[in-house]
Amino acid sequence: MTTSELGDITIDIQAKIATITFSHPASNSFPSSLLQKLTSELNGISSNPEVNVVVLQSEGKTFCAGASFDELLSITNLKDGKKFFSGFADVINAMRQCPKIIIGKVQGKAVGGGVGLISACDFAFAYQDAAVKLSEIAIGIGPFVIEPAVSRKIGKNAMAEMSLQPTIWQTADWAVAKGLYADLFDSMAEVNEATQHLAEKLASYNPEALAEMKKVFWEGTENWDKLLYERAAISGKLVLSDFTKEALSQFKK
């Protein structure tokens, strides 16, 4: 397969701002290889003195479709199931442990793990089309790995509202009201401008102060080093069920 078929992660560093762009032809979904690459890049940025701020974005009209359905269908045992979902745990933990402030730039819809990525950002701007949905219950699993990040951002009640209505898109206005997004804009030009302005401002501040503030933002999440992988094991077990295999097959059709 070519790089475009497998998906890709690119990084551009300018003026202390690292822009991470992810892409995949299946609506920016994440196979395990892409999750591993994103984790590696985040860990590298964490120790890079030339970076003070990170912008996380994707290509195309959809921000992120979550887990790769093709890979979910290919899982045949508990070990592989836990390993796959641990990829999302790795990314979320890398984001929360990164001493740099991470700004999410959301241009379109986000599903499942995509909502988890947005929640793990320290700040996010979005376009009006950036609706969100947690569809996992409908396919026989649940948003177990990303739940701590999503609940931390929008609260348990809003998390339950999304989880228990897996076929309903929550609007970008709903998401900003719940705190997932800091602000919404009517055009991507405005989203780009706002993101760049904030990134430049943050990049000009004392990086040590920003790193200490990041620790404050994420206080109380130290148990995620264990919790998220326990949750990955739950998802890894459920994905083996006949219900989930059939549901995934129907979704692909």
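What covers the buried residues of α11? The cover includes α4 (78-97) and α6 (147-154), and we'll come back to that helix after a look at the whole chain. A word on the ground rules: this is a predicted model, where local features need pLDDT of at least 70, side-chain atom pairs count only at pLDDT 80 or more, and totals for chains, interfaces and linings use all residues. Residues are numbered from 1 along each chain as its sequence is written, and side-chain values use heavy atoms, with hydrogens and water left out.

Start with the overall build. The chain's secondary structure comes to 12 helices and 8 strands; helices (H or I, at least four residues) and strands (E, at least two) are DSSP runs, numbered from the N terminus. Along the principal axes, the C-alpha atoms fill a box of roughly 55 × 40 × 35 Å. A compact globule of 253 residues would have a radius of gyration near 18 Å, and the chain agrees with its 17 Å (taken over C-alpha atoms; the globule rule is 2.2 Å times the number of residues to the power 0.38). Of the 253 residues, 52% are buried, where buried means under 20% relative accessible area, exposed over 50% and partly exposed in between, with a 1.4 Å probe and protein chains only. As for contacts (heavy atoms within 4.5 Å), take those between residues at least 6 apart in sequence: 75% of them join residues at least 24 apart.

Now the sheet. It's an open one of 6 strands, running β1-β2-β3-β4-β6-β8 with mixed pairing; two strands pair if DSSP finds at least two bridges between them. At the edges sit β1 (8-14) and β8 (183-185), each pairing on one side only. From one strand to the next, the twist averages 20° (axes are lines fitted to C-alpha atoms, for helices over the stretch in contact, and angles run from 0 to 180 degrees between N-to-C directions). β1 pairs with β2 (residues 17-23) in the antiparallel sense over 7 bridges, and I9 stands opposite F22 in β2.

Back to α11. This helix has 15 residues (224-238), which should span 21 Å at 1.5 Å a residue, and its end C-alpha atoms are indeed 21 Å apart; the expected span is 1.5 Å times one less than the number of residues. Its buried residues are W224, L227, L228, R231, A232, S235 and G236. Residues three or four places apart in an α-helix point the same way, because there are 3.6 residues a turn. S235 is buried at a relative accessible area of 1%. Leaving aside neighbours within four places in sequence, S235 is in contact with F85, I141, G142 and F144.
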